[in-house]
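Let's take a walk through this model together. Have the sequence and the 3D view open side by side as we go.

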Amino acid sequence: MSPDARKIVLSGMRPTGPLHLGNLVGALRNWLRLQDVYQCYYTIVGWHALSSEYMNTKVIKDNEFQVAVDWLSIGLDPAKCVIFRQSEVKEHAELHLILSMITPLPWLERVPTFKEMQQEIQDKDLNTYGFLGYPVLQAADIVIYKADFVPVGEDQAAHLELTREIIRRFNRTIGPIFPEPQTLFTDVPRLAGTDGRKMSKSFGNAIYLKDAPEVIRQKILPMVTDTRRMRRTDPGEPNDCPVFTLHRAFVPQAKRDEIAHGCRTAGIGCRECKQVVIDSLIAELGPYRERRAEFEKNPRLIWDILEDGNAKARRAAQATMDEVRAALGF
Ligand code: TRP
Ligand code: SF4
């Protein structure tokens, strides 16, 4: 198969700062597999960050840099996939504008994340035109590359459904240009943070990819375990233990089964059990740490890789926009 005959994948992340284990398990591991199979576009969506960070815009560029370092260090390979900054490919904005003309307001008002985010986030005014249009910009990100597949978590289901609705309407009313993208749902295993709640940057309970081995140790050792294990001799239940969510993601099956048995029979202590997952994590992140150290010596390299990605993305986006403008009769 020629490279151009490969199906197209697009996904994006908002630049909110360094990435954590939840991002690795919930997205990046999947993205790594996909880059070997499809023509993948991975974008850092600075304009989406702007929709909620417009009072604090100065941090966005640095966060974009952090995300790029994490992506490249974890193994996304610019020789295999296109890694780029959304805000450097202005065609996204042009297509967003055009799509906004054909998107009925009620479609946007009933997107669940729109009201949820407004209620959840009290310290920011998210009742803006741009925030309402967030999913329209996301649709533009996707279809400007004529993506076949979009790997995302379940939380993005409504946005992808809306993308398809907008695109059907475009194809019907303006011209049949865009394929309908399919969602590739990543089945995201629950990963507990250091306080037992879901791992999330905003809860302050995350273990970051860039955490040093010693930091990883210091974060995991004090974690609460199955509360039935008051003493070393009390048996426990791994399915009720937040630490074991890390085992599921990072410890190979055979070892994990052995540990689960040890927990249920009080054959293994929590400290020893935690040490197993700490060792697995540190080992898995070893190559990441080496690459990260290289990139940190040479930040210029990161910006060069991004610029190269921006240029590749721009070429594809411009070709699509030529078709769009022709379909409009412009
Ligand atoms: N809305 C996505 C999120 O919050 C980020 C995103 C923006 C995205 N554009 C995209 C994801 C295009 C997939 C495809 O995670
Ligand atoms: Fe959790 Fe492991 Fe302790 Fe069992 S032994 S409660 S799985 S930390």
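Which residues in the largest nonpolar core touch the most other members? Keep in mind that we're looking at a predicted model here. That core has 56 residues, and the two to look for are Leu 21 and Trp 71. Click on Leu 21 and look at what it touches beyond its neighbours up to four places away in sequence: Leu 191, Met 199, Ile 207, Leu 209, Leu 246, Phe 250, Leu 281 and Leu 285. There's also a second core, separate from that one, with 39 residues. Phe 131, Ala 139, Val 143 and Ile 144 are among its members.

Now zoom out to the domains. The chain splits into domain 1, covering 3-191 + 299-328, and domain 2, covering 211-292. Measure from centre to centre over C-alpha atoms and you get 34 Å between domain 1 and domain 2. Where they meet, domain 1 puts 13 residues into the contact and domain 2 puts in 11 residues. The 56-residue core we started with takes at least three residues from each of the two domains.

Last stop: ligand 2. Where does ligand 2 sit? You'll find it in the largest cavity. Around ligand 2 are four cysteines to pick out, Cys 241, Cys 263, Cys 270 and Cys 273, together with Thr 225, Asp 226, Arg 229 and Phe 244. Sorted by character, the shell around ligand 2 comes to 5 nonpolar residues, 1 polar and 2 charged.

Key. Residues numbered from 1 in each chain as written. Chains lettered and ligands numbered in written order. Predicted model: local features only at pLDDT ≥ 70, side-chain atom pairs only at ≥ 80, totals over all residues. Heavy atoms only, no water. Core = buried A, V, L, I, M, F, W, Y, C linked by side-chain atoms within 4.5 Å. Buried < 20%, exposed > 50% of the residue type's maximum accessible area, 1.4 Å probe, protein only. Domains from an automatic or database assignment. Contact = heavy atoms within 4.5 Å. Near = heavy atom within 4 Å. 1 Å grid on protein atoms, 1.4 Å probe; cavity = no way out; pocket = protein on both sides within 12 Å on 5 of 7 lines; lining within 4 Å. Sits in = over half its atoms within 2 Å of the grid points. Nonpolar A, V, L, I, M, F, W, Y, C, P; charged D, E, K, R; others polar.
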